[in-house]
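Please open the structure in your viewer and keep the sequence beside it, since this tour moves from one selection to the next. At each stop, select the named residues and show their side chains before reading on.

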Amino acid sequence: MTIAVVHRDIRRLVLGFVGILGLAFMGQGAFAAAPDMAVPEAATQADAGTDATETDAAAGANAAESAEGAYEYYGPDMIKGQPTSFEEDPWKSTQFQDQYTENGKYAMWMNNWILAPVIVFISAFVFILLLVVVVRYRRREGREPSRTTHNTLVEVIWTIVPVIILVIIAVPSITLLAKQYKTPPADAITIKATGYQWYWGYTYPDQGGFEVISNMLPPEEALSRGLPDQLAVDNRMVVPVGVPLRIQTYGADVIHSFAVPSLWFKLDAVPGRLNERLLTIEEPGIYYGQCSELCGARHAYMPIAIEAVPMERWRQWVASKGGSFGDDAETSEGVDVQVPASAAEGAPAAGEGLTAADDAGGAPSVPLDAAQADGTESTN
């Protein structure tokens with residue numbers, strides 16, 4: 001093998017490697033933007049004026065609603081956390097959902113600027129090495145490959161370089177794990193999400209202990225309201241925005257999983273065990289999720305819908321449900337607080353009760369109350 005041939009092969013290898021790296025990083029820069037960890041000053045000032053106007057309007061609306069004793073839920077224009085269809089945006093449909101929590105933004109930054117570049121670099125490097133071997137040592141060339149074994153320098157390099165890469169990945173990974181399992185503060189608002197077969201119940205122990213039962217809306221009703229099919233529910237889990245929430249999960253029958261991708265939140269609901277995690281939602285809106293643990297025949301029909309609202313609006317919702325705030329209010333006896341079918345006296349066990357929908361119709365499971373389960377007519 002002549003020196004000219006060696007130089008030619010090395011030159012081609014270097015140029016090919018640099019070209020692939022350039023394309024990879026250009027694509028990464030175009031499609032994987034870093035999270036906006038800080039709001040620009042100009043945008044902050046503009047948002048401040050907008051927020052002041054919106055706050056005044058919301059205050060007026062809340063005052064009117066309080067006078068009527070009603071609560072108006074957010075409409076489809078406030079949906080922020082939901083999957084993106086391929087028809088709407090082919091590229092975004094393959095990516096993570098937009099994030100609305102501090103942990104979610106940190107995780108997106110880690111994925112876009114650490115994990116993805118490392119994956120692309122290693123894949124390109126291995127691909128180029130394979131390509132060089134295939135081209136240089138094909139039968140037509142008739143070259144004899146090196147028989148060198150136990151090369152100390154090579155062994156040191158391929159041991160130290162992976163260790164360095166793993167350390168680079170480990171630092172943000174451990175940081176993210178620590179952030180995800182940070183203990184909620186003592187003044188965090190507690191909300192217990194109970195998984196039933198097959199629907200969710202949301203209990204507010206700090207506000208009198210009332211429970212709201214959430215079932216998936218039938219497809220035609222969801223679409224008529226402008227809401228996403230198989231994600232919209234009859235009763236959302238309403239929470240205040242910008243304050244720490246202690247989300248507790250529990251399984252009433254089998255293992256469920258409370259998962260909301262746009263909030264970077266996933267926590268199993270296990271029978272006989274109470275799990276909890278800290279959640280702080282940064283923006284008002286509607287965020288959708290689903291049970292992420294195979295829990296039976298209707299596993300696909302128990303979506304999660306969280307409505308994050310300002311504190312005053314949340315207090316109004318709690319009052320409309322008969323809840324209380326310590327010594328400031330008492331539970332209203334006139335409010336119809338929902339009770340899950342499996343918790344009602346005389347009702348069948350969870351997973352065995354009657355439903356208002358036929359299995360063959362593909363509609364969600366809607367639990368019936370105890371009176372209907374017993375065969376008597378309901379007075380509601």
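Is E102 buried, partly exposed or exposed? Keep in mind, as you select this residue, that you are looking at a predicted model. E102 counts as partly exposed, because its relative accessibility is 49%, and partly exposed is the class between under 20% and over 50%.

Now add K179 to the selection, and you will find that its side chain meets that of E102 in a salt bridge, with 3.6 Å from N to O. E102 belongs to helix α3 (residues 102–136) and K179 to helix α4 (residues 152–180), so this pair ties together parts that are 77 residues apart in sequence. K179 is partly exposed, with a relative accessible area of 29%. Before you leave K179, select Y106 too, because K179 lies over the face of that ring, at 5.5 Å from the ring centre.

Next, select K105 and E282, whose side chains form a salt bridge of 2.9 Å, N to O. K105 lies in helix α3, while E282 lies in the loop between β9 (275–279) and β10 (285–291), so the two parts tied together are 177 residues apart in sequence. E282 counts as partly exposed, at 39% relative accessibility.

How many salt bridges does a search of the whole structure find? The search finds nine, and one of them joins the side chains of K266 and D268 at 3.8 Å, N to O.

The tour now turns to aromatic rings, of which a search of the whole structure finds 13 pairs. Select Y202 and F258, whose ring centres are 6.3 Å apart and whose planes stand at 85 degrees, so the pair is edge-to-face. Y202 is in strand β3 (residues 199–204) and F258 in strand β7 (residues 256–260), so parts that are 56 residues apart in sequence are tied together by this pair. Both Y202 and F258 are buried.

Extend the selection to W200 and F265, and you have a cluster in which ring pairs link W200, Y202, F258 and F265. Add R277 as well, for its charged end sits over the ring of F265, 4.7 Å from the centre.

For the last stop, select W314 and F325, an edge-to-face aromatic pair with 5.8 Å centre to centre and 75 degrees between the planes. W314 lies in helix α6 (residues 311–320) and F325 in the loop between α6 and α7 (370–373), so the pair ties together parts that are eleven residues apart in sequence. W314 counts as buried at 2% relative accessibility, and F325 counts as buried at 16%.

Note on methods
Residues numbered from 1 in each chain as written. Predicted model: local features only at pLDDT ≥ 70, side-chain atom pairs only at ≥ 80, totals over all residues. Heavy atoms only, no water. Salt bridge = Lys/Arg side-chain N within 4 Å of Asp/Glu carboxyl O. Helix = DSSP H or I, 4+ residues; strand = E, 2+ residues; numbered from the N terminus. Buried < 20%, exposed > 50% of the residue type's maximum accessible area, 1.4 Å probe, protein only. Phe/Tyr/Trp six-rings, centres within 6.5 Å; stacked < 30°, edge-to-face > 60°. Lys NZ or Arg CZ within 6 Å of the ring centre and 35° of its normal.
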